[in-house]
Amino acid sequence: MDKEKTIKHFKTNPSHLTLHPTRKDNKMTDKQYKGYKIEGVGKGKADYYVYTDLCKGCGLCIAKCPMNKAGKKCLQWSKEVGLYQTPAVAPDPEICIACGACAMTCPDSAIRIERRQ
Ligand code: SF4
Ligand code: SF4
């Protein structure tokens, strides 16, 4: 699948944003953040949000993804740009298992995975 075609852009006040445990900036939720959403990852289990205003392009999430470690091309650099005009990331929705390892790894709270009911 061409995952770039599955990307939907948004700008939002993420009152629902999951702050990384190490992040102490509680004022984050007062601001608006740009990003994009990839719907139906993990066989439709979840929606995947990337906040490009927060992603610094460090690649830690890509290194942590268990599907990448298993040799698949799951979480990769995308054509979208992040905070420093470096590439942001996007998962292949058909390979991603919505495990959340990437979101938990990101030191900048740039990824959120929202489970569907
Ligand atoms: S949710 Fe899991 S499988 Fe999906 S991109 Fe993140 S680390 Fe990889
Ligand atoms: S989403 Fe987070 S961990 Fe992944 S490249 Fe961006 S800043 Fe780094």
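Guide: Helices are DSSP runs of H or I with at least four residues, strands are E runs of at least two, and both are numbered from the N terminus. With that, the chain reads β-β-α-β-α-α-β-β-α-β along the sequence.

Visitor: How many helices and strands is that?

Guide: The chain has 4 helices and 6 strands. Keep in mind that this is a predicted model, where local features need pLDDT of at least 70 and side-chain atom pairs count only at pLDDT 80 or more, while totals for chains, interfaces and linings use all residues. Residues are numbered from 1 along each chain as its sequence is written, and chains are lettered from A and ligands numbered from 1 in the order in which they are written.

Visitor: OK, ligands. What are the closest residues to ligand 1?

Guide: Cys65, Pro91, Cys96, Cys99 and Cys102 are the closest, out of 14 residues that surround ligand 1. A residue makes that list if its C-beta atom, placed from the backbone, lies within 6 Å of the molecule.

Visitor: Which helices supply residues to that shell?

Guide: Helix H3 (66-69) and helix H4 (101-105) each put at least two residues into the shell around ligand 1.

Visitor: And how many of the shell residues are nonpolar, polar or charged?

Guide: For ligand 1 there are 13 nonpolar, 1 polar and no charged. Nonpolar means Ala, Val, Leu, Ile, Met, Phe, Trp, Tyr, Cys and Pro; Asp, Glu, Lys and Arg are charged, and the others, Gly among them, are polar.

Visitor: Which residues come nearest to ligand 2?

Guide: Cys55, Cys58, Cys61, Cys106 and Ala110 come nearest, and ligand 2 has 14 residues around it. That shell splits into 8 nonpolar, 4 polar and 2 charged.

Visitor: Switching topic: how much of the chain is buried?

Guide: Of the 117 residues, 32% are buried. Buried takes 20 or more other C-beta atoms, placed from the backbone, within 10 Å of the residue's own; 12 or fewer is exposed, and in between is partly exposed.

Visitor: Which residues touch the most other members of the largest nonpolar core?

Guide: Val50 and Ile111 do, in a core of 24 residues. Such a core is a set of buried Ala, Val, Leu, Ile, Met, Phe, Trp, Tyr and Cys residues joined through C-beta atoms within 7 Å.

Visitor: Which elements feed it?

Guide: Strand S3 (46-51), S5, H4 and strand S6 (111-115) give two or more residues each to this core. S3 gives the most, with 5 residues.

Visitor: What does Val50 touch?

Guide: Skipping residues up to four places away in sequence, Val50 touches Gly35, Tyr36, Cys55, Ala88, Val89, Ala90, Ala110 and Ile111. Touching, or contact, means C-beta atoms, placed from the backbone, within 7 Å.

Visitor: How many contacts are long-range, joining residues at least 24 apart?

Guide: In the chain, 62% of the contacts between residues at least 6 apart in sequence join residues at least 24 apart.

Visitor: Back to S5. Why is it called largely enclosed?

Guide: Because 4 of its 5 residues are buried. S5 also pairs antiparallel with S4, through 4 bridges; pairing needs at least two DSSP bridges between the strands. Leu75 has Pro91 of S5 as its bridge partner, and Val81 stands opposite Pro87.

Visitor: What's in the turn between S4 and S5?

Guide: The two strands form a hairpin with 5 residues between them. Gln85 is in that turn, with a positive phi of about 60° although it is not a glycine. Gln85 counts as exposed because it has 7 C-beta neighbours inside 10 Å.

Visitor: Which other residue has a positive phi without being a glycine?

Guide: Lys43, at about 55°. Lys43 sits in helix H1 (residues 41-44).

Visitor: Is Lys43 buried or exposed, and why?

Guide: Exposed, because it has 11 C-beta neighbours inside 10 Å.

Visitor: And where is Leu83?

Guide: Leu83 is in the loop between strand S4 (75-81) and strand S5 (87-91). With 15 other C-beta atoms within 10 Å, Leu83 is partly exposed. Beyond four places in sequence, Leu83 touches Asp53, Leu54, Cys55 and Lys56. Leu83 and Leu54 are 29 residues apart along the chain, with 5.9 Å between their C-alpha atoms.

Visitor: Last one: what does Ile38 contact?

Guide: Leaving out neighbours within four places in sequence, Ile38 contacts Thr6, Ile7, Tyr48, Ala90, Pro91 and Pro93. Ile38 is in strand S2 (residues 33-40) and is buried, with 22 C-beta neighbours inside 10 Å.

Notes: Two residues are in contact if their C-beta atoms, placed from the backbone, lie within 7 Å.
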